[in-house]
Amino acid sequence: MPVPDRPKNVVVLGSTGSIGESSLKVARDIPGRMKVVGLAANRSVETLADQINEFGIKQGCLYDPTGLDSLIARVPTDVALHTGEEGLIELATMPEADLVLIAIVGVAGLRPALAAIEAGKDIAVASKEILVMAGETVMNAAREKGVRVLPVDSEHNAIFQCLEDRSSADVSRLILTASGGPFRELPSGQLAAVTKAQALKHPTWEMGQKITIDSATLFNKGLEMIEARWLFDIEMARVDVIVHPQSIVHSMVEFIDSSVLAQLSTTDMCFPIQYAITWPERVPNTLPPLDFAELARLDFEAPRWEDFPALNLAKEAGTRGGTLPAVMNAANEVAVAAFLEEKIAFPAIWETVEKTMSCHHWKEKPSLEEIIDADLEARSKAAEFIS
Ligand code: MG
C-alpha cells in the first residue's frame with residue numbers, strides 16, 4: 001500500500017479527557033501520520049488552551065460556554081472558538097477533517113458522530129454510549145455514506161485487528177477479555193461493603209472515574225458486548241466474555257474452524273488509538289513492546305455471571321435491542337454517579353439498573369428522538385429508585 005503523502009487530519013472531540021490526552025500523545029509520536037486540526041473539550045479551559053497553542057489549532061470548541069472568555073484570553077485571536085452541541089457539530093464537519101475521534105463521555109457525542117458521518121468523515125469511536133444507545137442507527141448511516149466506524153476501545157480495536165474486515169459469517173465467537181476489576185476474587189457476600197476508594201482502584205488500567213466503577217461492576221464489559229454486537233454486525237449469542245487479569249490479550253476472535261486470533265500489547269490506550277488513526281497501515285512508534293519472558297504467564301478464567309449481574313443485564317439489553325440498551329446505559333450512569341457521591345451501596349448500582357430496565361416500555365425500532373427520550377426517562381426513573 002502506498003504511503004500517504006500527508007498526515008491524516010484529525011479532529012478530537014473530548015481532548016482533555018483520558019482518551020483525548022492519549023490521542024494527543026499519539027499525535028506527538030507520529031506527526032508524519034496524524035495532524036490535529038480541531039479540538040473540543042467540556043470545560044477544562046486551561047488544558048484546552050495549552051493544547052490549542054501546542055498544536056497550532058485554528059478551530060476549537062468549549063462545550064460549556066461559561067469559560068469561553070477565559071479561553072479567548074489564552075489563545076491567539078485567529079482561533080475560531082465554538083460552544084455547545086452546535087460547536088461540536090461544527091468541528092465534526094470541518095471540511096479539512098479526514099477523521100473525527102469521538103472521546104466525549106456520555107450521550108453528547110451522538111449527534112456530532114452522526115453529523116461527521118453525514119459529512120462523509122470516518123469516525124473513531126471511544127465513547128461507548130454512541131454504539132450502545134444508537135449502534136444500529138450509527139452503523140446504518142456509516143454504511144449508507146460509505147465511511148468507516150473505527151473502534152478505539154481496546155477490546156474492539158483488538159477484534160477489528162483480528163478480523164481484518166472478514167464478515168461475521170466466518171466468526172463463531174467474539175471473545176472480549178475483562179480484567180475482572182478490583183473485586184474479581186472478592187466473595188459475593190462482601191460486595192455490599194465495598195467503598196468508593198476500593199472501587200476506584202483498577203488493577204491494570206488508568207482511566208476516568210466512571211469507567212473505573214464500570215470495570216468494578218463489569219458494566220463496562222456489558223456495554224462493550226453491546227458495542228461489539230453492532231460494530232461487527234453479529235448477534236449477542238456469539239459475543240462472549242473471558243476474565244484475563246493481566247489485560248495483555250485485548251480480545252480474541254474464534255473463527256468457524258475453531259482457530260483463534262488474539263491481539264496483544266502492553267496496557268496503553270495509545271496502541272488502539274494509533275491503529276484507529278493509521279488504519280489500514282501499521283507505522284512504527286515509541287511505545288514499549290511486550291516482553292514475554294518478563295510476563296511469564298497469562299491467566300484466563302470464567303466470569304462470575306451470578307455475582308456480577310451487569311453481564312446478564314447487558315446480554316438481555318443487547319439481545320432485545322431497540323430502546324433497552326439506552327435505558328441500561330442511562331440507569332447505570334445515574335447509579336454510578338450516586339455511588340461516587342456515596343449515596344448508594346455498590347450492589348445498588350446493578351439493582352437500580354435492573355429495576356429501571358424492568359419498568360421500561362420497550363420500543364423495538366426507535367427513532368433517534370425515541371432513543372434520547374428513553375435515555376431521559378430512564379435517568380429520572382433511576383433517580384427515583386435511588387431516592
Ligand atoms: Mg475497553
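**View 1. Ser-247 sits in the loop between β9 (239–243) and β10 (249–255).** The model shown here is predicted. Ser-247 is not a glycine, yet its phi is positive, about 50 degrees. Is Ser-247 buried or exposed? Its relative accessibility is 5%, so Ser-247 counts as buried.

**View 2. Glu-164 occupies the loop between α7 (154–163) and β8 (171–178).** Glu-164 is a residue other than glycine with a positive phi, near 45 degrees. Its relative accessibility is 66%, so Glu-164 counts as exposed.

**View 3. A cis peptide bond runs from Trp-279 to Pro-280.** Omega of this bond is near 10 degrees. Where is Pro-280 found? Pro-280 belongs to the loop between α11 (270–278) and α12 (292–295).

**View 4. The protein chain is divided into three parts: domain 1 (8–151), domain 2 (159–267 + 289–309) and domain 3 (321–387).** This view looks at domain 1 and domain 3. Their C-alpha centres lie 27 Å apart. Each domain brings residues to the contact: 10 from domain 1 and 10 from domain 3. About 870 Å² is buried between domain 1 and domain 3. Carbon and sulfur atoms give 62% of that area. Which residues of domain 1 lose the most area to domain 3? They are Arg-111, Val-132 and Met-133. Together these residues account for 55% of what the domain 1 side buries.

**View 5. Salt bridges cross the interface of domain 1 and domain 3.** How many salt bridges does the rule find there? It finds 2. The side chains of Glu-369 and Arg-111 meet in a salt bridge, at 3.9 Å from N to O. For residue pairs in polar contact across this interface, with both residues at pLDDT 80 or more, the rule finds 0. On the domain 1 side, the elements giving two or more residues are α5 (110–118) and α6 (128–145). Helix α6 gives the most to this side, with 6 residues. The residues on the domain 1 side that touches domain 3 divide into 5 nonpolar, 2 polar and 3 charged.

**View 6. Helix α10 (residues 219–231) holds Ile-226.** The relative accessibility of Ile-226 is 0%, so Ile-226 counts as buried. Which residues are in contact with Ile-226, leaving aside its neighbours within four places in sequence? They are Val-132, Met-236, Ala-314, Ala-317, Gly-318, Pro-325 and Met-328. Val-132 appears in View 4 as well, among the residues of domain 1 that lose the most area to domain 3. Phe-255 gives a second reference point. Ile-226 and Phe-255 are 29 residues apart in sequence, and their C-alpha atoms are 20 Å apart in space.

**View 7. Helix α9 (residues 209–217) has buried residues that pack against other helices.** The buried residues of α9 are Thr-212, Ile-213, Asp-214, Ser-215, Ala-216 and Thr-217. What do these buried residues pack against? Their partners are α8 (196–199), α10, α13 (310–320), α14 (324–340) and α15 (347–358). Leu-218 follows α9 and has a positive phi, near 75 degrees.

**View 8. A salt bridge joins Glu-118 to Lys-145.** The structure holds 30 salt bridges. In this one, the closest N and O atoms are 3.8 Å apart. The pair links distant parts of the chain: Glu-118 is in helix α5, Lys-145 is in helix α6, and they are 27 residues apart. At 52% relative accessibility, Glu-118 counts as exposed. Lys-145, at 41%, counts as partly exposed.

**View 9. Arg-184 forms a salt bridge with Glu-185.** The closest N and O atoms of this pair are 3.9 Å apart. Arg-184 is partly exposed, with a relative accessible area of 22%. Glu-185 counts as exposed, at 64% relative accessibility.

**View 10. Lys-381 and Glu-384 pair in a salt bridge.** Their closest N and O atoms are 3.5 Å apart. Both residues are in helix α16 (residues 368–386). They are 3 residues apart there, so about one helical turn separates them. Residues three or four places apart in an α-helix point the same way, because the helix has 3.6 residues a turn. Lys-381 counts as partly exposed, at 29% relative accessibility. Elsewhere, salt bridges that share partners join Lys-128, Asp-153, Glu-155, Lys-221 and Glu-224 into one network.

Key: Residues are numbered from 1 along each chain as its sequence is written. This is a predicted model: local features need pLDDT of at least 70, side-chain atom pairs count only at pLDDT 80 or more; totals for chains, interfaces and linings use all residues. Side-chain values use heavy atoms; hydrogens and water are left out. Domain bounds come from an automatic or database domain assignment. Contact means heavy atoms within 4.5 Å. Buried area is the accessible area (1.4 Å probe) that two parts lose on being put together, summed over both. A salt bridge is a side-chain nitrogen of Lys or Arg within 4 Å of a carboxyl oxygen of Asp or Glu. A polar contact is a pair of N or O atoms within 3.5 Å; within protein, one must be able to donate a hydrogen and the other to accept it, and residues adjacent in sequence count only if both atoms are side-chain atoms. Helices (H or I, at least four residues) and strands (E, at least two) are DSSP runs, numbered from the N terminus. Ala, Val, Leu, Ile, Met, Phe, Trp, Tyr, Cys and Pro count as nonpolar, Asp, Glu, Lys and Arg as charged, and the others, Gly among them, as polar. Buried means under 20% relative accessible area, exposed over 50%, partly exposed in between (1.4 Å probe, protein chains only).
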